[in-house]
Amino acid sequence: MSTNHEISTLLRSHGLRLTPQRLAVAGLVLPKHTHVTARSVYQQLKDEHPALSMNTVYLTLGQLESCNLLNRFEINGNAVFDSNTLPHDHACCSKCGTIIDLPGAQPELPLLPTALKEWQIYGEQRIWIGLCPACIGTDG
């Protein structure tokens, strides 16, 4: 999905109105695998789209999540939106904030912890936190 037409078609197929702001947000986050916050999206688009507000960005990201076009997870209390919706874990550098995808579910984990046997589970996320290779030598 790389063209405005493809993004427009996708948004329409999920019942979303096509506004310039919604198209701008979707056009930034959907074409490639990326991890963004509402603030980072706003910062990237605000000059080109002066009518865009932080509230609009956050609502649009939430709508894209509701349509299963984005996944949301939290790092340090901040919502991060991920355009890779396939099951995977993440690693996050605690120094520079880099986030990477770790492909596929980790098979060594039990499918469902015993304490959750009566729960209705709809997803699982793991985030590994540490220092990335670029930051290892600069810590201290």
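**A guided reading of the predicted model**

N68 is exposed, with a relative accessible area of 60%. The structure in which this residue appears is a predicted model. N68 is found in the loop between α4 and β2, and its phi is positive, at about 65°, although the residue is not a glycine.

A second asparagine can be read in a similar way. N76 lies in the loop between β2 and β3, and its phi, near 50°, is again a positive value in a residue other than glycine. N76 is exposed, with a relative accessible area of 71%. Exposed here means a relative accessible area over 50%, which is why N76 receives that description.

The loop that holds N76 leads from β2 to β3, and these strands belong to an open sheet. This sheet has three strands in the order β1-β3-β2, and their pairing is antiparallel. Because β1 (35-36) and β2 (71-75) stand at the edges and each has a single partner strand, one side of each is left without a neighbour in the sheet. Strands of a sheet pair through backbone hydrogen bonds, either parallel or antiparallel. In the present case, five bridges join β2 to β3 (residues 78-82), and the two strands run antiparallel. Within this pair, N71 stands opposite D82 in β3.

Attention may now turn to helix α1, which spans residues 4-13. Which of its residues are buried? They are I7, S8, L10 and L11. These four residues cover an arc of only 165° around the axis, and therefore they lie on the same side of α1. On the other side of the helix, H5, R12 and S13 are exposed. The cover over the buried residues of α1 includes two further helices, α2 (20-29) and α4 (54-66). Just after α1, G15 takes a positive phi of about 75°. In contrast to N68, which is not a glycine, the residue that follows α1 here is written G15.

The last feature is found at the surface. L112, W119 and I121 make a nonpolar surface patch of about 320 Å². Where is I121 placed? This residue is in the loop between β5 (99-103) and β6 (127-130). I121 is partly exposed, with a relative accessible area of 41%. A residue of a patch must have over 30% relative accessible area, so the 41% of I121 satisfies this condition.

Conventions. Residues numbered from 1 in each chain as written. Predicted model: local features only at pLDDT ≥ 70, side-chain atom pairs only at ≥ 80, totals over all residues. Heavy atoms only, no water. Patch = residues over 30% accessible without salt bridge, like charges linked within 9 Å, V, L, I, M, F, W, Y side chains within 5 Å. Areas by Shrake-Rupley, 256 points an atom, 1.4 Å probe, with all protein chains shown as cover. Salt bridge = Lys/Arg side-chain N within 4 Å of Asp/Glu carboxyl O. Buried < 20%, exposed > 50% of the residue type's maximum accessible area, 1.4 Å probe, protein only. Arc of directions from axis to C-beta. Contact = heavy atoms within 4.5 Å. Pairing = 2+ DSSP bridges.
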